[in-house]
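Q: Could you take me through one helix-helix contact up close, and then show me what sits around it?

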Amino acid sequence: MTKKILCIEDDRLIGEMYQRALEKAGYTFVLKTDGDEGLQEAYTTRYDFILLDLMLPNKKGDEVLSVLRAKENPISAATKVIILTNFQQDDSARAGLERKVDAYLIKADITPSKLISILKNLS
Amino acid sequence: MAIGGKRKKLIQTPESKIQGYWGEFSSRAVNLFVAGQLFVALTAAGFMILAKDAQTVFVGIVVIIVLELLVQALVICLVLQPQKRLIKFISHLVAGKDAMAEIPRHRWDEHSGLTAIASYIQSINSASTAATLASAAENVNEQADNYVVNALNITDVGIVMLDKQRRVIYRNTAAPIRNGFNNEQALDLLFNERDSVSDWVERTSKNVIKATKVWQRIPNLPDDSEERERRYYDVIANYAQGEEAEIVLAIIDRTPQYGRDEDDLNLIAFAAHELRGPVTVIRGYLDILINDMGKDITPDTKQLFDRLSVSANRLSSYISNILNTSRYDQRHLNTNLEEQTLSAIFHSIIDDVTLRASSQGRLLSIHVPDDLPAVAADISGMGEVFTNLIDNAIKYSREGGSIEVNAWAHDNYVVVDIIDHGIGMPANVVSNLFRKFYRSHRSRGSAIGTGIGLYVSKAIVEQHGGELSVRSQEGEGSTFTVTLPTYVSIKDKLLNGTAQNSAAMSENTPRIQNHGMLK
């Protein structure tokens, strides 16, 4: 069964870049460019991975994350959430987020190939 | 006997004198009176016997009357006059005049003990004056207390006192306090995990009864409900076991200083965010293009792609270096130390550094045994360090030159050498090498660099409790050596939580947050 990935990323150039690479690698890929839309989508389908940017329109990534992992009505624990951002946060904020997610990656530091190998390791 | 008597007199206190005074005085008065009357009566009797005519009787009566008057005068002088002087003395005292001038000093007064009584009353009076003065002084103290309380509320330094149960028993106006659970007052400060005031007291109170600690750059608690200003404080804590206020905190608002740093940092963080976007796209599409072309790619095109990739990767490293330098300079560079193997760290960078070396015609060989003891490391931080050092070796070696990376274990450390056989450097360059923005003589011509790679690498290594050093021979090449403590040797410190974040900031090296604890 193909694994499903939801990518919440407002930069189309980057989102479509991951789409191209991950679809080629055999994943089902859905791209949302807005925090609210991404959040809605996360509840309509069960995804294996959610790639979440932090700087997003309408709803920031950390807000999306707190809804996804809230005590009430959280998404499946089997869904792995990966923060994929270029934003350099201060360490306490980053550490707080890292505890809630399966990986925290800097987009500029990884290539699509690297992302695929990380996803394979996480499955 | 005489000496003994004198001594007895000397040790007589005013109290004993006043207690024995009435007995002495009354018997003296009675004796004087009786003796006087007896003398007058005997004189009268003598005249009666000797009197032969009316003239003698008359003379006798006159003599007796005169004698009687003399006796009366003596009684007045010796019994009544002292009372008069005493009353005069007391009335002076009561009127608040200088009673010392009126102390009875007649020699008979001395004799009768009246002087002693007067001194005694005088001393009682002085004591009560002293008491009055003392109570006045107390008023002054009370006033001083008021001054202190007022001053504490005027000052910008927050003062908080906590009792044994860590309850707030005093806070001045400037103290950042909020109402916590059950409306109890709590510090409005966001300490790092396991490094709060009570954690510290918990630890120190087991070993010492007095201690001081300073925390720097402690922000106030974030508030979800309203947008409120982030403030930054330095906190000085004094702990004194057994005192009513066991913990006294001085909290200094340093927002103007730290807040400015924060603005700078935010600017750099946003700039980096913007720069990283295009870098992500360039690296990502290069990666996709190379994969898409697969075997169709000609060696010539491959070389072009590799050069593009290397440049994009370098750009990404430089952005990280700039960010880390800025974070380090502002004490924000924290490391997340975890049990890691060196092979895992090198595995995370090997593709990148191999490509960097090969595309620039260097032979890179990495010998990192899998069975080396684990180290406590932040994988991305140490990855950056080794990338920087290999990049540096590439820059300062010649085309076709070889670069070796060798790692081995030594006592409680794991040592990594990065060796190049390049142009090397003279001693004066070596001593400046780890300075920020230092670019050696050799880099001015050909190689490119920001001059912060080595500076930030050293900072990161030191945050790991390790060392970065260099040996170099001009014309023969350089060897950079990274020494990291093994995970086992510092495990306890890590698990105690003391190596987390800025626990060590004030206790040891202020510049490097984790490093101090690991020494």
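A: In H10(B), the residues B:Gly381, B:Glu384, B:Val385, B:Asn388, B:Leu389, B:Asp391 and B:Asn392 touch B:Gly453, B:Leu454, B:Ser457, B:Ile460 and B:Val461 of H12(B). Contact here means C-beta atoms, placed from the backbone, within 7 Å; helices (H or I, at least four residues) are DSSP runs numbered from the N terminus. This is a predicted model, where local features need pLDDT of at least 70, side-chain atom pairs count only at pLDDT 80 or more, and totals for chains, interfaces and linings use all residues. Residues are numbered from 1 along each chain as its sequence is written, with chains lettered from A and ligands numbered from 1 in the order in which they are written.

By class, you get 5 nonpolar, 5 polar and 2 charged residues in this contact; Ala, Val, Leu, Ile, Met, Phe, Trp, Tyr, Cys and Pro count as nonpolar, Asp, Glu, Lys and Arg as charged, and the others, Gly among them, as polar. The axes of H10(B) and H12(B), the latter covering residues 453-463, run 9 Å apart at an angle of about 145°. Those axes are lines fitted to C-alpha atoms over the stretch in contact, with angles from 0 to 180 degrees between N-to-C directions.

H10(B) also has a job in the largest nonpolar core, which has 43 residues, with B:Leu342, B:Phe386 and B:Ile390 making the most contacts inside it. Such a core is a set of buried Ala, Val, Leu, Ile, Met, Phe, Trp, Tyr and Cys residues joined through C-beta atoms within 7 Å, buried meaning 20 or more other C-beta atoms within 10 Å of a residue's own. Helix H10 (residues 379-395) gives the most to that core, 7 residues. Setting aside neighbours within four places in sequence, B:Ile390 contacts B:Val353, B:Leu364, B:Ile403 and B:Ile418.

Conventions. A residue is buried if 20 or more other C-beta atoms lie within 10 Å of its own, exposed if 12 or fewer, and partly exposed in between; C-beta atoms are placed from the backbone. Helices (H or I, at least four residues) and strands (E, at least two) are DSSP runs, numbered from the N terminus. Two residues are in contact if their C-beta atoms, placed from the backbone, lie within 7 Å.
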